[in-house]
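Me: Please take a close look at one residue in this structure and its surroundings. Then go on to the annotated sites, the contact between the chains and one helix.

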There are 2 protein chains.
Amino acid sequence: MKIALAQLNYHIGNFESNTEKIISAIEKSKKENVDLVVFSELAICGYPPKDLLERKDFIERTQDALQKVAEACTDIAAVVGGPSINPNTKGKNLYNSAFFISNGKVESIHNKTLLPNYDIFDEYRYFEPNTEFSLVQYKGQKIAITVCEDLWEKQPTDNNFAKSELYTISPMEELNKLNPDFVVNIAASPFSYNQKDLRTNILKSNTERYNLPIIYVNQIGAHTELIFDGDSMVLNSKGDVACRLKYFEEDYQVVDMNKIEDKALESAEVDYIEKIHDALVLGLKDYFGKMGFKQATLGLSGGIDSAVTVVLAERALGKENVRVLLMPSEFSSDHSIKDAVDLAENLGIEYEIVNIQEIFSEFQKALKPSFGDLPFNVAEENIQARIRGTLVMGLSNKFGHILLNTSNKSEAAVGYGTLYGDMNGGLSVLGDVYKTDVFKMAWFMNKDKEIIPVNTIVKPPSAELRPDQKDSDSLPDYDVLDGILYRYIEKNMSSKEIIADGFEKQTVEKAIRLVNMNEYKRFQTPPILRVSSKAFGFGRKIPLVAKHS
Amino acid sequence: MKIALAQLNYHIGNFESNTEKIISAIEKSKKENVDLVVFSELAICGYPPKDLLERKDFIERTQDALQKVAEACTDIAAVVGGPSINPNTKGKNLYNSAFFISNGKVESIHNKTLLPNYDIFDEYRYFEPNTEFSLVQYKGQKIAITVCEDLWEKQPTDNNFAKSELYTISPMEELNKLNPDFVVNIAASPFSYNQKDLRTNILKSNTERYNLPIIYVNQIGAHTELIFDGDSMVLNSKGDVACRLKYFEEDYQVVDMNKIEDKALESAEVDYIEKIHDALVLGLKDYFGKMGFKQATLGLSGGIDSAVTVVLAERALGKENVRVLLMPSEFSSDHSIKDAVDLAENLGIEYEIVNIQEIFSEFQKALKPSFGDLPFNVAEENIQARIRGTLVMGLSNKFGHILLNTSNKSEAAVGYGTLYGDMNGGLSVLGDVYKTDVFKMAWFMNKDKEIIPVNTIVKPPSAELRPDQKDSDSLPDYDVLDGILYRYIEKNMSSKEIIADGFEKQTVEKAIRLVNMNEYKRFQTPPILRVSSKAFGFGRKIPLVAKHS
């Protein structure tokens with residue numbers, strides 16, 4: 001049997017485009033004498049459609065699109081994901097389904113059993129879990145069709161309170177009782193840099209436990225925060241990867257199931273910084289593409305965060321689509337302006353310089369009756385950041401550019417940033433990248449030639465909002481801070497456990513206090529491109545009014 | 001049997017305060033010879049604790065607090081809500097439990113079966129559903145102990161695609177087979193003005209179906225967005241309300257179960273505007289109280305939204321804790337300034353006036369090289385709103401006041417507001433109140449004397465960001481707009497269905513297009529006090545990059 005894996009980039013709610021992509025892969029497969037072509041989870045409507053699933057008109061459109069796809073499946077079979085309506089009076093409206101299509105129609109529906117409802121997932125909000133199991137009989141083969149999480153019954157985790165056996169039922173065990181020949185799994189599994197090999201290991205453990213080959217098809221592409229990396233693959237029954245599709249790109253491959261048992265690809269080692277880089281470029285590209293935007297703008301400070309952000313933007317959108325503003329004040333050092341200019345010129349992007357000093361003076365004058373002789377403090381620092389935010393949004397509004405936010409994860413964590421100032425933006429590019437990784441990415445970007453001025457990378461980080469200010473005046477060194485933050489945020493460790501890992505008590509408690517105090521700021525930040533297993537945003541829900549210990 | 005209903009205001013994560021409140025109600029009940037005192041759902045830790053439930057240290061603190069409560073229960077029994085640890089290796093870590101406590105210890109644990117996972121609820125994220133049923137035997141009575149949603153197996157709904165039978169199992173049917181004498185239900189059920197009588201009707205339908213009295217205890221108090229209204233009650237087996245606790249206030253009542261069958265309270269009719277008013281006052285009070293804030297600030301424009309917001313703030317926090325800024329520009333009418341001054345003086349709150357004209361001129365000068373001779377448009381309008389946002393945030397940062405956001409739901413829906421400008425704030429007070437209801441609330445506030453200048457209420461709404469601007473220049477009349485928005489947002493109707501309800505096609509399509517286009521703005525708005533069945537915020541999840549039909 002010849003099986004095609006179609007790893008495509010869908011667009012939520014864009015039924016025309018999704019259907020066209022699916023049908024053209026079906027047509028291509030027919031030409032290549034493929035028996036079965038496999039698409040990813042909820043391919044029909046794009047994943048995750050969220051509350052659009054609660055709209056009757058949206059579901060009707062999925063049904064129409066599915067009908068079109070089915071009609072294209074003559075002389076070939078396909079497995080494609082989409083919502084299906086639960087025919088029972090009880091239970092949620094929908095199932096998250098894999099449709100087995102052949103002879104121009106849906107021959108059978110295979111519903112998802114394990115509905116993930118952790119981190120960024122909330123599938124119980126929409127779907128009824130499956131409880132019935134059957135195989136597909138096709139061209140002499142018995143196929144077990146599963147949806148994503150159905151293979152994830154045991155989840156290795158580095159969160160110290162999460163359970164490895166989240167579910168009480170095992171769909172693979174149920175299906176295995178029916179003696180399948182191989183497994184198809186359609187997925188929508190997002191990228192996270194710190195879960196390297198996790199997905200392959202989950203697939204391997206299934207092939208080993210059940211002694212069955214697995215055809216795994218994931219989507220690629222970004223949907224607002226979530227970035228899907230593809231990495232679709234075929235594992236033979238020994239657990240070897242016999243076929244592997246690209247990262248972060250659409251791809252299509254055909255495997256002959258008779259020839260996979262002796263194949264075993266070596267997996268190429270890619271550094272995690274390079275993967276994050278590629279993920280963010282895709283995230284930017286798809287945010288702009290799917291929103292219908294073309295041009296980006298941002299403020300270039302001469303610091304490392306805006307430097308790395310602008311390079312990513314230039315790579316995703318092209319230099320002609322990035323325009324930056326330099327907004328020095330009396331506290332900006334000369335080298336900052338020079339570094340920013342050098343960077344803009346290295347990239348060949350348009351830049352303008354607007355000094356904020358006079359606007360700042362007007363603000364101070366206007367607030368003088370209220371502020372009186374109170375000393376210069378964070379209020380005045382924030383006013384400068386907000387003037388910059390207003391200037392760059394002025395450009396954005398006048399010319400239709402989208403402002404990119406440049407805050408990194410370390411800053412976002414401890415609230416080192418000004419709400420309505422430098423925290424502005426339509427999309428946060430680095431909000432899930434710790435500062436120490438931002439440095440690494442800058443060096444990575446410079447690997448062939450100096451794009452980001454080295455001075456930007458090596459000088460001590462500063463917000464330049466008061467004389468001689470340095471980040472290290474108010475924050476621990478980023479090496480230490482990021483170590484604490486990773487343990488608190490990604491691993492959910494308590495302060496006691498983090499201190500036991502060798503960090504100073506006072507520093508740990510200060511960092512955690514800052515994280516908890518600044519939930520309110522993160523509440524209002526733009527969507528953050530997610531590259532880790534625990535990003536700020538809808539995958540991390542902390543009540544603002546909570547009292548923390 | 002004498003049963004006490006303890007309707008209390010908890011604070012998430014504040015174990016000291018929650019435990020103290022619970023224990024003092026236990027002590028009071030002992031003095032009144034009560035046999036059983038009932039508290040609400042997750043009373044130990046506060047509801048909703050969200051991802052704090054994923055922290056091992058948080059759960060340990062719930063266990064310690066429960067232990068203290070149990071030790072206080074000598075010569076009395078209590079039912080109290082809290083998380084309990086799932087002892088099985090499979091399934092989620094926790095149950096959402098009701099603890100039956102007697103003789104100084106937890107005698108039995110009754111876990112929640114129906115875990116709501118719609119709108120603002122996401123209990124499947126944390127909890128394993130219950131599958132085992134048993135009664136408590138206490139002083140000769142058999143008690144069925146249930147948690148909130150366990151009674152909500154059939155849900156009447158006005159959303160045209162939601163199912164009335166969301167669940168496939170009925171805990172009440174299971175418990176009823178064991179022949180209980182009465183039902184205890186501990187709840188955390190938030191207020192929504194447009195679900196009047198829903199809760200009472202759900203309780204009534206249960207008493208009627210099973211012919212059993214129900215003791216229902218809800219919490220009161222606000223947790224960031226969510227406002228819980230209390231309204232705890234006892235229904236006799238005929239479905240009459242025999243005892244009813246206060247709305248929006250802590251309350252405590254004792255019922256003698258032998259004397260409820262002949263009691264039937266009349267329910268007092270309260271206008272929905274008054275209920276929303278009381279809910280918002282509580283929401284403000286608790287946000288400030290639980291966050292440890294004291295003083296609020298906001299910009300007073302002379303318009304109705306800031307007027308209604310400042311009155312609510314004055315009622316919640318006291319006039320000494322509200323300070324306002326008037327920020328006129330060349331486009332402000334004289335009457336706007338006068339109306340704002342009159343209002344501040346009527347309330348007796350401190351106000352200052354800062355003209356934004358010169359700051360605005362400096363911005364225009366600074367942007368002249370970029371803007372050239374392009375005509376004045378939304379870019380310049382937004383700059384004015386952002387200058388105001390920066391000024392009022394300056395005050396907030398200098399003096400530690402919390403900025404209140406004054407956007408209403410109609411504006412938030414169609415994106416009629418400036419991000420980083422008038423959309424700023426720590427808390428959105430009116431973000432779930434349609435403009436037409438804001439008008440009604442203004443009249444309600446003036447019912448005894450003119451607090452809000454009548455001119456503010458009767459003049460045509462305007463943002464005053466360009467000469468002679470009126471909301472009606474770019475938006476349909478609010479009567480029409482709100483009718484469309486309510487159908488689209490609360491009822492999930494399609495444009496076709498809304499048009500069939502008698503609205504003009506072009507107006508409906510424009511309104512819906514604006515709602516969909518402006519998801520990105522709402523993504524960055526402050527938490528919104530929720531008073532309806534579908535508020536913007538975490539109960540409504542729309543993917544930003546989605547393509548809408």
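Reply: A:N96 sits in strand β4 of chain A, which runs over residues 94-102. The model is a predicted one. With a relative accessibility of 0%, A:N96 falls under the 20% cut-off and therefore counts as buried. The side chain of A:N96 makes a polar contact of 2.7 Å with the side chain of A:E41. Leaving out residues up to four places away in sequence, A:N96 touches A:E41 and A:L42, then A:G82, then the run A:H110, A:N111 and A:K112, and also A:E123, A:F127 and A:V147. A:E41 thus appears both as a contact of A:N96 and as its partner in the polar contact.

Next, the annotated sites. An unreviewed UniProt entry places the feature "binding site" at A:Y118 and A:S189. These positions are spread over 72 residues of sequence, yet they cluster in space, with a largest C-alpha distance of 13.1 Å.

A:Y118 lies in the loop of chain A that connects β5 (105-111) to β6 (136-138). Its relative accessibility is 19%, and because buried means under 20%, A:Y118 counts as buried. Not counting residues up to four places away in sequence, the contacts of A:Y118 within chain A are A:E149, A:Q155, A:L166 and A:Y167, and A:Y118 also touches B:R125 of chain B.

A:S189 is likewise in a loop of chain A, the one between β8 (182-186) and α4 (198-210). A:S189 has a relative accessibility of 8% and so counts as buried. Apart from neighbours within four places in sequence, A:S189 is in contact with A:C148, A:W152, A:R199, A:Y216, A:N218, A:F228 and A:D229. One of these, A:R199, falls within the residue range of α4(A), 198-210.

The contact between the chains comes next. On each side 106 residues take part: 106 of chain B are in contact with 106 of chain A. Together the two chains bury about 9,200 Å², of which 57% is on carbon and sulfur atoms. Of the area that chain B buries against chain A, 9% comes from B:F161, B:K398 and B:V545, more than from any other three residues.

There are 4 salt bridges between chain B and chain A. One pairs B:K56 with A:E497, and their closest N and O atoms are 3.4 Å apart. Polar contacts across this interface join 47 residue pairs. On the side of chain B that touches chain A, the elements giving two or more residues are α2 (56-72), α5 (272-291), α8 (357-371) and α9 (378-399) of chain B. Of these, α9(B) gives the most, with 14 residues. By class, that side of chain B has 45 nonpolar, 30 polar and 31 charged residues.

Last, a helix of chain B. Helix α14 of chain B covers residues 478-490, and its buried residues are B:Y478, B:L481, B:D482, B:G483, B:I484, B:L485, B:Y488, B:I489 and B:E490. In an α-helix there are 3.6 residues a turn, so residues three or four places apart point the same way. The buried residues of α14(B) pack against five helices of chain B: α10 (409-414), α11 (435-445), α13 (471-474), α15 (495-500) and α16 (505-517). After α14(B) comes B:N492, which has a positive phi, near 60°.

Terms used: Residues numbered from 1 in each chain as written. Chains lettered and ligands numbered in written order. Predicted model: local features only at pLDDT ≥ 70, side-chain atom pairs only at ≥ 80, totals over all residues. Heavy atoms only, no water. UniProt positions renumbered as here; feature names shortened; annotations may be inferred. Helix = DSSP H or I, 4+ residues; strand = E, 2+ residues; numbered from the N terminus. Buried < 20%, exposed > 50% of the residue type's maximum accessible area, 1.4 Å probe, protein only. Contact = heavy atoms within 4.5 Å. Buried area = accessible area lost by both parts, 1.4 Å probe. Salt bridge = Lys/Arg side-chain N within 4 Å of Asp/Glu carboxyl O. Polar contact = N/O pair within 3.5 Å; in protein donor to acceptor, adjacent residues only side chain to side chain. Nonpolar A, V, L, I, M, F, W, Y, C, P; charged D, E, K, R; others polar.
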